[in-house]
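Trainee: I'm new to reading protein models, so could we walk through one together?
Mentor: Sure, let's bring it up and take it feature by feature.

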Amino acid sequence: MKKLIAFILAAVLLFCCTIGTSAAEEKTVPIVVVRGLDFNGLILDQGTENERPALSINVPSLIFGIVKTLTLSIFGGTDGFVDGVIDVAGDIFSPLACDKNGNTVQNVSVKEYDKNMASYPEKIESFQNQDSEAGVVAEACERYGAENVYYVTYDWRLDPYETADKINARVNLAIKESGCDKVKLICCSMGGVMTQAYFDKYGYEKIESCMFLSTAIYGAYSASDPLSGRVSFDKSTLNNFLNGALSDLSWLWSALDSSGVTDGLVAFANNLADNYKDKIYDELLMDTFACMPGIWAMHITEDFDSAKQFIFGGKEEQYAGLIKKIDKYQEYCLKRDSFLKQMQADGVEIMLVCSYNKPVVPVYEHSYCNGDQVLETELMSAGATVAPYGKTLGNDYVAANPEKLSPDRVIDASTCLFPDNTWFIKNATHVCCRHGSKLAEMIFWLMDYEGQPTVSTNMLYPQFQLCDDAQNLFIF
């Protein structure tokens, strides 16, 4: 009997040791966060005594430019005003200029995090008080340990396939340091473009899951409209933006509107767009934004060729290097839907989280779209049917799947590329993820779920939710 008891005790101890060993060997799948466009992140002459933000405003120079513009306006009318504005804007944006091959003209770079985030404790602390990508990184560091979190920053002006190399380097480093076979990706805003360039160039065999958080997965009208020459101003979209983005000053906008000032501003702006478009493009935009491969990668596929003709018509040979770069990403876009569907079929968990009920910047034709103040919800969601900002789809609208119609009748998710894997957060802002918030809790619940989560997986996180300023979530 004693021998039997001893044998049982030994077996129990051995079993417990096995459990302990297995638990000790369990590995944390690393998280790679790809940030979005960041004007403030561009640095001129980094690492030298002249290091400074690439986009900065010299107050004395700005005052001189304004005085010059006013003087030109007095003596030269609208022509003089436009000349002055082009000079002032050119001085501000000249450090961002790219050449005809899509390469930076000046010595501009970004702060990169080429190690895991445990190497940057001071950054983690500062990120905890921020929203957006910083909040994502801070939340990930707290949940998984900073040694398991990697942050990809990049020069958003340049070729997405150059950024793909940076993503690949972080993915490989994460795998090497963690001992895992795969990583989890969270791409934010323009990072959705860069991440798709990575998939196109390197494949997705090393990816366990990918969340597209407020990303330009289908591009952005805010980029494609200006590159197609579709710049226009509308009183209703201007009022929408001013009242929505700057609601504390809504009384001022109402007063300006009642006095007729808004009408005058819109008429003046449209006059400039109609009569000085070619001048503004030729003397300002061609050497800055129109030569940025990253901006071209945000162009919607449908009218890419017509936009190229508008910008480069008759100059194709001069811009051959740039055109070659921007064509490459558009070649991917032509197969994008089938590629992403196959990616999911091959076991990569895909999630899209989008915001809505915010106006977008009112300077392009699609400014009537519903969005998150930066991107349009229709494109962020990869094809949802979305009513214009401030409107609904109407009481007579019939969705292919009634369960996919938002309770406020603003969004029909049945037309999305991934109708069961796309979440919509009403009133949330762009890349909305504040460290410690309920919205952050939802985002990382999705990331932690074992398998492909759907909008029906967790009753706490249905397809359509409401968000307040503190990023608390509510069900309709």
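Trainee: Here's my opener: is cysteine 291 buried or exposed?
Mentor: First, a word on the ground rules: this is a predicted model, where local features need pLDDT of at least 70, side-chain atom pairs count only at pLDDT 80 or more, and totals for chains, interfaces and linings use all residues. Residues are numbered from 1 along each chain as its sequence is written, and side-chain values use heavy atoms, with hydrogens and water left out. Now the idea: buried means under 20% relative accessible area, exposed means over 50%, and partly exposed is in between (1.4 Å probe, protein chains only). Cysteine 291 has 1% relative accessibility, so it counts as buried.

Trainee: How many disulfides are there?
Mentor: A disulfide is a covalent bond between the sulfur atoms of two cysteines. The rule used here asks for a pair of cysteine sulfur atoms within 2.5 Å. By that rule the count is zero.

Trainee: Why does cysteine 291 have no bond to cysteine 98?
Mentor: Cysteine 98 holds the closest cysteine sulfur, but it is 7.0 Å from the sulfur of cysteine 291, too far for a bond. Cysteine 433 tells a similar story: its closest cysteine sulfur, in cysteine 432, is 7.8 Å away, again too far. Cysteine 433 is buried too, at 0% relative accessible area.

Trainee: Okay, on to sheets. In what order do β3, β2 and β4 sit?
Mentor: Strands of a sheet pair through backbone hydrogen bonds, either parallel or antiparallel. Here, helices (H or I, at least four residues) and strands (E, at least two) are DSSP runs, numbered from the N terminus, and two strands pair if DSSP finds at least two bridges between them. In this model, an open sheet of three strands has the order β3-β2-β4, with antiparallel pairing. β3 (52–53) and β4 (108–110) are at the edges with a single partner strand each, so one side of each has no neighbour in the sheet. Three bridges join β2 (residues 42–44) to β4, and leucine 44 has valine 108 as its bridge partner in β4.

Trainee: Which strands does β11 pair with?
Mentor: β11 runs parallel to β8 (residues 349–356), with five bridges between them. Tyrosine 356 is matched with lysine 426 of β11. β11 also runs parallel to β12 (residues 464–467), over three bridges, and isoleucine 425 has glutamine 465 in β12 as its bridge partner.

Trainee: And how many residues of β11 are buried?
Mentor: In a regular strand the side chains alternate between the two faces of the sheet. In β11 (residues 422–426), five of five residues are buried. Thr422, Phe424 and Lys426 lie on one side, Trp423 and Ile425 on the other, and both faces are covered.

Trainee: How many aromatic pairs are there?
Mentor: Rings of Phe, Tyr and Trp (its six-membered ring) pair if their centres lie within 6.5 Å; planes under 30 degrees apart are stacked, over 60 edge-to-face, and the rest tilted. The count is 20. One of them joins tyrosine 113 and tyrosine 151, a tilted pair with 5.3 Å centre to centre and 35 degrees between the planes. Tyrosine 113 is in the loop between β4 and α3 (121–127) and tyrosine 151 in strand β5 (residues 149–152), so the pair links distant parts of the chain, 38 residues apart. Both rings belong to buried residues: tyrosine 113 at 5% and tyrosine 151 at 3%. Ring pairs also link Tyr161, Tyr204, Tyr329, Tyr332 and Phe339 into a cluster.

Trainee: Last topic: how many salt bridges does the search find?
Mentor: A salt bridge is a side-chain nitrogen of Lys or Arg within 4 Å of a carboxyl oxygen of Asp or Glu. The whole structure has 22. Among them, lysine 166 meets glutamate 112 at 3.0 Å, N to O. Lysine 166 is in helix α5 and glutamate 112 in the loop between β4 and α3, so the pair ties together parts 54 residues apart in sequence.

Trainee: What ties aspartate 131 to arginine 434?
Mentor: Another salt bridge, with the closest N and O atoms 2.8 Å apart. Here the two parts tied together are 303 residues apart in sequence. Aspartate 131 is partly exposed at 28%, and arginine 434 is partly exposed at 28%. Elsewhere, Asp225, Arg230, Asp303 and Glu365 are linked in a network of salt bridges.
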